[in-house]
Each structure stands twice: as C-alpha cells, then as structure tokens.
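Student: Please take me through the interior of this model, with the packing, the enclosed spaces and the residues around them. Keep it brisk, and give cut-offs as terms come up.

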Amino acid sequence: MLYLRPLGLLWGKDADEAVEAQEACRLAGGLCAFTLIEVISRGGPTIKRETHGLRAIAESRDDNLQNLLSRITVPREPVAGLDLSRPSIMGIINVTPDSFSDGGEVFETAEAVAQGARFAEEGASVIDVGGESTRPGSEGIAEAVERERIVPVVRALAAAGHRVSIDTRKASIMRDAVKAGAQMINDVSALRFDGMSLKTAAALGRPVCLMHARGDPKTMQENPSYEDVALDVFDELEGLIARAEAAGVKRSLILADPGIGFGKSFRHNLDLLKRLSLLHGLGVPIVMGASRKGFIGALTGESAGRKRAAGSIGIALAAAAQGAQLLRVHDVKATAQALKLWRASCEPETSGL
C-alpha cells in the first residue's frame, strides 16, 4: 500500500505566494497549502517513510503517485450547500439523558430547539441532532424512543431554516429525520450497524458522514490495538467509502471522520491528530469530532467533560490547521471565536485596521 501525507503546511500570504510560485499546492482546495510530501509504503509489517519536495512528486511519471496527489489537492464539492473551502462548525445537540458530557442538558424538545437556534446564531453551519448516546460503555435504545426524541427537534430546526444533520445508526431514523427536514446523515457505525442503512442512505441521496470505529460502544474501549493507527484507520475508512459507493452512495456525498475515542487509546487519539493530514488522501471532506472527549481530560487532568472547552478548542484549531473541513463541537460560540481569529491570521495581510 502507498500513502501520501502532506507536510510543510502553510497558511495566509505564505501559502498564496508558495502556490503562485508553484512550490506548494492547496490542501483540498482550502486555506492550507503544503510544500512537502511524506511517501509511506507498507507491505506486511514493514513500513517505509520518505519525505520529498512537492515538485519531485508533482513531476513524477508514476500514475499511482499522481492519482494520490490529485485526491489530496482537488477542491471538495459543497455538501448540503455548505462551502468546504473554509473550515465550518457542526454544533452538537444531544437529546439524551446520558451522553458523556451534556446528557440531560436539552432533553426536552423545546430546550433542544432553542439550543440549536442559539448555536446557529453563534456560528454553527450545521446542527447535529442525536437521540442515542454512543459513549464508551453505553447501551443502545429502541427505535421508537430515539424517534420520539429527535424527529420533533429536527422538524422545528429545519422549518426555521437551519441546516440539520441527524446523528443515528438506524435506517428508519435516517428516513424519518430526512422526511422531517434533515439534510445530512452522521453515522458513527459508518452504515454498518443496521443492515438497511446502506440501501437507505443511497436512496435518500443526502450527504453522509462515515465514522471509523472498532467494536460497539459497549466494548470498544477494551484494549484497542492497531499496527499503525493512522494507516489502519485510513485503510478501513477507504474500505467503508468503497462499500458505500458500491451500494449507490455518490462519492461526492461522503465525508469521513477518524472516530476519535471510538475504539482507540489515548496514544492512538494523539497519533491520529498529529497525522490527520494523511486522511486527505481519501479524497473526501474530513470531519473532526473530538470535543470534550476523555483523552483531553487525560492530557489536561480535567475530569469533567463540561470543563474541557479550552482543550476542545485547541484540538479544533489543530484540526483546522491540517485542513479539516468540518469541526463537530459542543462549545460553538467559543470555537467560532477562536476559528474566526485563526482564519484572520490566515488571510492575506490587510491595511487600515
């Protein structure tokens, strides 16, 4: 297997000048540019890594290298009308009593709708509504219960003109949520939990985020193991994308999430974050959902999920700096402010301020 990982990342005026001088390429058509490429080859247990200047790769006559480079550089198409040339925010609405950091906060329909509207005002481009906790150790719930929790919220937010995503593993909930106005599907099982999900997603024709996970929520954190977590996650996501395409889901409607905290140890999560740019080789938009998760607490010593906003913002900006297109967060206002400042620092220099 061959992989390309963009390195030597640039932003703002530096990126513009390097691209104009043909010394860099845009990362997925976004704000970031890159000047170096790590070429990784894996055969069995042997992994070989070499770093090359971009020009050497761009001028190569190796068709495989050129195809991989094209996947990294081609601008991502809008999804549900959302421009992916700049990082955007997906605000999390958990209509549950038991989610790991905010369970019970907006368990009533009116509270959830009000929070979704507030998130949109604060800067969220997508409101992601879920009714079933998938935290480590969680049990599933009945479809009827999940439907009762989320469909009224989706309907109200969509009717108010908000872009809504439905966070579910169940095909029937996908159908009902889309009927109620949801424009996107976010499935932590990558359309594997429900035998009808692939067919349903293809028929609905909505953008769908495929998240990487190993095991089910109840057992996924019991000694997860990888040969090389970034390469393994890449391979498994590539397989999930191919599976969805074969079932009729258009590639232009697929997004990928590395699944921070889903079947991964503290070290696995950090390694994935450090090498996130590798996933642009999948050729689809990248969603980063690390908000308030346990590894942030492990690194900072903060045991309460609700108090991990600062660490979550740090992760969101680190992901944006590696070209992630969609940041899934609980703390929308704070993240939007930080992202606005980060964007400003990436724009060409202006005068008169």
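**Inside the fold**

Tutor: There are zero disulfides in the structure, a disulfide being a pair of cysteine sulfur atoms within 2.5 Å. Cys25 takes part in none, and its nearest cysteine sulfur, that of Cys32, is 13 Å away. This is a predicted model, in which local features need pLDDT of at least 70 and side-chain atom pairs count only at pLDDT 80 or more, while totals for chains, interfaces and linings use all residues. Numbering runs from 1 along each chain as its sequence is written, and side-chain values use heavy atoms, with hydrogens and water left out.

Stay with the cysteines for a moment. Cys25 is partly exposed, at 25% relative accessible area. Here buried means under 20% relative accessible area, exposed over 50%, and partly exposed in between, with a 1.4 Å probe and protein chains only. Cys209 is buried, at 4%. Its sulfur lies 19 Å from the closest cysteine sulfur, in Cys32, so that pair is too far apart for a bond.

Now the packing. A nonpolar core is a set of buried Ala, Val, Leu, Ile, Met, Phe, Trp, Tyr and Cys residues joined through side-chain atoms within 4.5 Å. The largest one has 73 residues, and Val129, Leu210, Met288 and Leu327 have the most contacts inside it. Helix α8 (residues 229-246) supplies the largest share of this core, nine residues. Helices (H or I, at least four residues) and strands (E, at least two) are DSSP runs, numbered from the N terminus. A second, separate core has twelve residues, among them Phe34, Ile37, Leu54 and Leu68. In soluble globular proteins, nonpolar side chains tend to be buried together.

Take Leu210 as a way in. Contact means heavy atoms within 4.5 Å. Beyond its neighbours within four places in sequence, Leu210 touches Asp187, Ala190, Leu191, Leu237, Leu240, Ile241, Ala244, Ile254, Leu255, Ala256 and Asp257. Leu326 is another useful probe. It sits in strand β12 and is buried, at 1% relative accessible area. With neighbours within four places again left aside, its contacts are Leu82, Ser88, Ile89, Met90, Val126, Met184, Leu255, Ile286, Val287 and Met288. Leu255 thus appears on the contact lists of both Leu210 and Leu326.

Next, the enclosed spaces. On a 1 Å grid over the protein atoms alone, a cavity is a set of points where a 1.4 Å probe fits but cannot get out; a pocket is an open set with protein on both sides within 12 Å along at least five of seven lines; lining residues have an atom within 4 Å of a point. Grid points are joined across faces, edges and corners, and a volume is the space filled by probe spheres set on the points. The structure holds five cavities of 30 Å³ or more. The largest cavity encloses about 90 Å³. It has 14 lining residues, of which Gly30, Leu31, Ser85, Pro87 and Gly323 are the closest to its centre. Its lining comprises nine nonpolar, four polar and one charged residues. In this count Ala, Val, Leu, Ile, Met, Phe, Trp, Tyr, Cys and Pro are nonpolar, Asp, Glu, Lys and Arg are charged, and the others, Gly among them, are polar.

The second largest cavity holds about 60 Å³. Around it are Met288, Ala290, Ser291, Ser312, Ile315, Ala316, Leu327, Arg328 and Val329. Helix α11 (309-321) and strand β12 (326-329) are the elements that give two or more residues to this lining. By class, there are six nonpolar, two polar and one charged. Met288 and Leu327, named above for their contacts in the largest core, are among the lining residues here.

Finally, an open space. The second largest pocket has about 170 Å³. Its lining is Val74, Pro75, Arg76, Glu77, Leu84, Arg251, Ser252, Gly283, Val284 and Pro285. That makes five nonpolar, two polar and three charged residues. Val284 is in the loop between α9 (266-274) and β11 (287-288). Val284 is nevertheless buried, at 1% relative accessible area. Leaving aside neighbours within four places in sequence, Val284 contacts Arg76, Ile241, Arg251, Ile254, Leu255 and Ala256. Of these, Arg76 and Arg251 also line the pocket.
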